[in-house]
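Visitor: Please pick one part of this model and look at it closely, then work outward to the rest of the chain. I would like one connected account.

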Amino acid sequence: MKVLLVHPSALLYSQVYLRLEPLGMEYVASALREAGHEVQLIDLQIFRQHHFEKQLRSFRPDAVGFSVNYLPNVPEVIDLAKRTKELSPEIFVFLGGHSLSFVTQEVLRYGDGAIDCIIQGEGESTAPAMLAALPQIEAVPGVVTLNAVGPQPTLQANIDRYRPARDLTRKRGKYFIGELDPCASIEFSRGCPWDCSFCSAWTFYGRSYRKADPEWVADEMRRIHEPNLFIVDDVAFVHAEHGMAIADAMERHGVCKQFYAETRCDVLIRNEEVFARWAKLGLTYMFLGLESLDAEQLKRFRKRSTPNENFKALEIARKLGIRVAINLITDPSWTEQQFRHAQEWAMQVPEIVHLTVATPYPGTELFHSDLPSLTSTDYRLFDIQHAVLPSRLPLREFYAQLVKTQSIINRKFMGWQTAFGVSRILAGQLLRGQTNFLKMLFRFNRAYNAERFYSDHFKPVRYHLQRPSDANRKMTSKELMIHAPAPARNGSARPLRKEPQRQASQKVTVTED
């Protein structure tokens, strides 16, 4: 079969700070190719809808698959699915992705028959099995239709089973993250063994943590042309020996790259020697989710870390010479004083600080505990930049404080001052035809606008996030999980030892089965 895979357009955050290659879709494309299908891919972060329609007419696929890793892309993808059926009613249309896995039935209903099925969970195994089973797909694990829900999917044992089909992504020079321009993406591990209340990674992956073979990783790096790599792992280097083994393999293969990774503060503290070695190998940037400066809020988030531990991790990163980007979660209940406190702290530290807005996503505990309080069910506002919970300040004032605070913080690393400071880097990039980083330095004010954020709440809404009918019922961890447990390969797919539980103030409690 001829299969066209489609990645949706960029979210607000990606319009400024980064644009990453659709690595998950490249994995699925590789699996489909191995199954004998002819595959093309289009990334609407780079191309536009008319390019998609042109490719639809020229390639004439038998099936079109859309990725929906982020909730705000749901309306766009529903409309694209409908447009696909308008142009070619015989095409089999399927959807998949992280966020979509938690809202399958409502999206199928909104499709009005244009969406033939949705794949829940990882797509590398399910997509080929689904196409092989056509038209009787209801019994395929992970496949959901309007009329049937297939068996629960299992996690694939080997995350290095397929090599990403990077040759299918065009204009690869458009992918970047901050100063690393251009930048490809790579996966060392998949999943997260922690269970933060605001995150759906653990409910999607079942608190599993699977590792790719170090030799495979190093060989994949060697094949990548870009000089920079973003490590997409939810938590990099959870297991110290795995990080060291990849470093050993890199040295054997003669790999020389710059890296951007993200990890937890407690992992950085525990495995400092791993990060020290990687700093020498090219780990230039790192994202740390501090989430909050307040100990009580960290408990509510079930981060299992304290502000002092987080500050210790920052000191280690500074000592190692790794530049850090920090995330702080802005609660809609913040007052002007709390915004000022965040701003004052951010201006005192050398790190890059980003503010996101607390957002209860489907698949998280917060979604069920905060569900009665939602002020909007517009998918487009669930982008961690908009407030969908009641704000203590008037909503317009909340956004004014949010944008003002981020704008002041950004003066440290965006604008002309930064451009002059990194002029040698920019000159080298411009000589290679790379302009993403330069444009990023001046794009904030255009994208981040308080009035724009406020007015977004009053746009017509055609597709609403559905509220569960049993929203007040106690949920079990099993009910939140997307995948069924899978046999571990060398123990890597099993959750890590659980840490001591701390009491979290939640309206809904998730219980172990």
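Guide: Helices and strands here are DSSP runs numbered from the N terminus, with a helix needing at least four residues in state H or I and a strand at least two in state E. The model is a predicted one.

The part I choose is the loop between strand S8 (176-177) and strand S9 (184-186), where Leu 180 is found. Leu 180 has a relative accessible area of 1%, and is therefore buried. Setting aside residues up to four places away in sequence, Leu 180 touches Asn 228, Gln 258, Phe 259, Tyr 260 and Tyr 285. For Asn 228 there is also a backbone distance: its C-alpha atom is 5.9 Å from that of Leu 180, although 48 residues separate the two along the chain.

The loop between S8 and S9 also holds Pro 182. The peptide bond that joins Asp 181 to Pro 182 is cis, and its omega is near 5 degrees. A second cis peptide bond runs from Leu 134 to Pro 135, again with omega near 5 degrees. Pro 135 sits in another loop, the one between helix H5 (123-133) and strand S7 (143-144).

Further along in sequence comes Phe 188, one of the residues with the most contacts inside the largest nonpolar core, together with Met 221, Trp 278 and Trp 345. That core has 77 residues. Leaving out residues up to four places away in sequence, Phe 188 touches Met 221 and Trp 278, and its partners also include Ile 159, Ala 212, Val 217, Ile 231, Phe 237 and Ile 246. The list is not purely nonpolar: Arg 210, Lys 211, Asp 233 and His 242 are on it as well. Apart from this core lies another, of 41 residues, among them Leu 44, Phe 52, Ile 115 and Tyr 463. As a general matter, nonpolar side chains in soluble globular proteins tend to be buried together.

Two backbone exceptions are also worth listing. Arg 207 is not a glycine, yet has a positive phi of about 55 degrees. Arg 207 belongs to the loop between helix H6 (201-205) and strand S11 (210-211). With 8% relative accessibility, Arg 207 counts as buried. Arg 304 likewise has a positive phi, near 60 degrees, without being a glycine. Its place is the loop between helix H11 (295-301) and helix H12 (307-320). Arg 304 is buried too, at a relative accessible area of 7%.

Cys 117, in strand S6 (residues 117-119), offers another buried site. Its relative accessibility is 0%, so Cys 117 counts as buried. Beyond its neighbours within four places in sequence, Cys 117 is in contact with residues including Phe 92, Val 93, Phe 94, Leu 95, Leu 108 and Ile 137. Met 130 is a further contact of Cys 117, and the C-alpha atoms of these two, 13 residues apart along the chain, are separated by 9.5 Å. Val 143 and Val 144 are in contact with Cys 117 as well.

Two helical regions complete the tour. Helix H1 (residues 23-34) reaches 17 Å from its first C-alpha to its last, close to the 16 Å expected at 1.5 Å a residue. Nine of the 12 residues of H1 are buried, so the helix is largely enclosed by the rest of the structure. Among those buried are Glu 26 and Ser 30, alongside Leu 23, Met 25 and Tyr 27. After H1 comes Gly 36, with a positive phi near 100 degrees.

Helix H13 (residues 336-348) and helix H15 (residues 395-410) pack at an angle of about 10 degrees, their axes 10 Å apart. H13 and H15 are therefore roughly parallel to each other. The H13 side of the contact is made by Glu 336, Phe 339, Gln 343, Ala 346 and Met 347, and the H15 side by Phe 398, Gln 401, Leu 402, Thr 405, Ile 408 and Ile 409. By class, the contact has seven nonpolar, three polar and one charged residues.

For the whole chain, the secondary structure comes to 21 helices and 18 strands. Of its 513 residues, 61% count as buried. Among contacts between residues at least 6 apart in sequence, 79% join residues at least 24 apart; the contact of Leu 180 with Asn 228, 48 residues apart along the chain, is one example.

Technical notes: Residues are numbered from 1 along each chain as its sequence is written. This is a predicted model: local features need pLDDT of at least 70, side-chain atom pairs count only at pLDDT 80 or more; totals for chains, interfaces and linings use all residues. Side-chain values use heavy atoms; hydrogens and water are left out. Axes are lines fitted to C-alpha atoms, for helices over the stretch in contact, and angles run from 0 to 180 degrees between N-to-C directions. Angles under 35 degrees count as roughly parallel, over 145 as roughly antiparallel, 65 to 115 as roughly perpendicular and the rest as oblique. Contact means heavy atoms within 4.5 Å. Ala, Val, Leu, Ile, Met, Phe, Trp, Tyr, Cys and Pro count as nonpolar, Asp, Glu, Lys and Arg as charged, and the others, Gly among them, as polar. The expected span of a helix is 1.5 Å times one less than its number of residues. Buried means under 20% relative accessible area, exposed over 50%, partly exposed in between (1.4 Å probe, protein chains only). A nonpolar core is a set of buried Ala, Val, Leu, Ile, Met, Phe, Trp, Tyr and Cys residues joined through side-chain atoms within 4.5 Å.
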